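The following exercises introduce the reader to the interior and the backbone of one protein model. Each task is followed by a solution in steps.

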Amino acid sequence: MNHLNGVGRLANRFRVMRHGQSKANEAGVIVSTIESDRRGDYGLSEPGVRQARAAAEASGLPPDTVICSSDFARARQTAQIVRACLGAAEVDLTEALRERCFGDLEGTPVANYARVWASDGLASDHGRDGVEPVAAVLDRATALVADLERRYSGRDILLVSHGDTLQILQAGFLRMAPSRHRQLPHLATAEIRELSLGDGIALY
């Protein structure tokens, strides 16, 4: 479910940020469950730390920015760097922004993402290889945004998360089919991007 359907205007300004380069990125392996993340050393690489700091310093975000983040190490560390740079309040860690679970592909080479994305384009509810369906990611991510809209007004809100989760959330903001999330511009590591509501017409 897209919890942003029917929303005509946002009460807050939303930006998303993909985590900085991680040690999993460097190793080229899929780390998509919190259990794997906690067992291993998959936080930010040294370049990732520098990326996150540079992005925070260039962001122009105010000190009262609300920062919400996935609790995966790579996202949490990115969010903490941003918080320190801005002088913002404590980061709100949430499962709603976790990495998309890639099921049986956990721990395998990142080249396997391509076959998941090919299946995504055919059906938003597919769960091949035990992968979390894009519809499920859309539901949890847009539900968080809807909750933040109820809790705040007139604030800058930064959501720190992962590539697929943010691709799918962008689709939610644009009210386009989440199965088409790969049609959207890819978020680079540590990239911050503002999201606005749209009707998705140009993206079908």
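**Exercise 1.** In this predicted model, determine which residues phenylalanine 14 is in contact with, leaving aside its neighbours within four places in sequence.

*Solution.* Step 1: list the contacts of phenylalanine 14, which are Val145, Leu148, Glu149, Ile157, Leu159, Phe173, Arg193, Glu194 and Leu195. Step 2: place Phe14 in the largest nonpolar core, which has 19 residues. Phe14 is among the residues with the most contacts inside this core, together with Val16, Val145, Leu148, Leu159, Leu169 and Phe173.

**Exercise 2.** State which elements give two or more residues to the largest nonpolar core.

*Solution.* Step 1: the strands concerned are E1 (13-18), E2 (66-69) and E4 (156-161). Step 2: the helices concerned are H6 (134-151) and H7 (163-174). Step 3: with 4 residues, H6 gives the most to this core. Step 4: set apart a second, separate core, which has 14 residues and includes Ala56, Leu61, Ile67 and Ala75.

**Exercise 3.** Arginine 175 and alanine 190 each have a positive phi. Decide whether arginine 175 is buried or partly exposed, and do likewise for alanine 190.

*Solution.* Step 1: recall that most residues other than glycine have a negative phi. Step 2: phi is near 55 degrees for arginine 175 and near 70 degrees for alanine 190. Step 3: locate arginine 175 in the loop between H7 and strand E5 (192-195); alanine 190 also lies in the loop between H7 and E5. Step 4: apply the cut-off for buried, under 20% relative accessible area. Arginine 175 has 22% relative accessibility and therefore counts as partly exposed. Alanine 190 has a relative accessible area of 5%, so alanine 190 is buried.

Terms used:
Residues numbered from 1 in each chain as written. Predicted model: local features only at pLDDT ≥ 70, side-chain atom pairs only at ≥ 80, totals over all residues. Heavy atoms only, no water. Core = buried A, V, L, I, M, F, W, Y, C linked by side-chain atoms within 4.5 Å. Buried < 20%, exposed > 50% of the residue type's maximum accessible area, 1.4 Å probe, protein only. Contact = heavy atoms within 4.5 Å.
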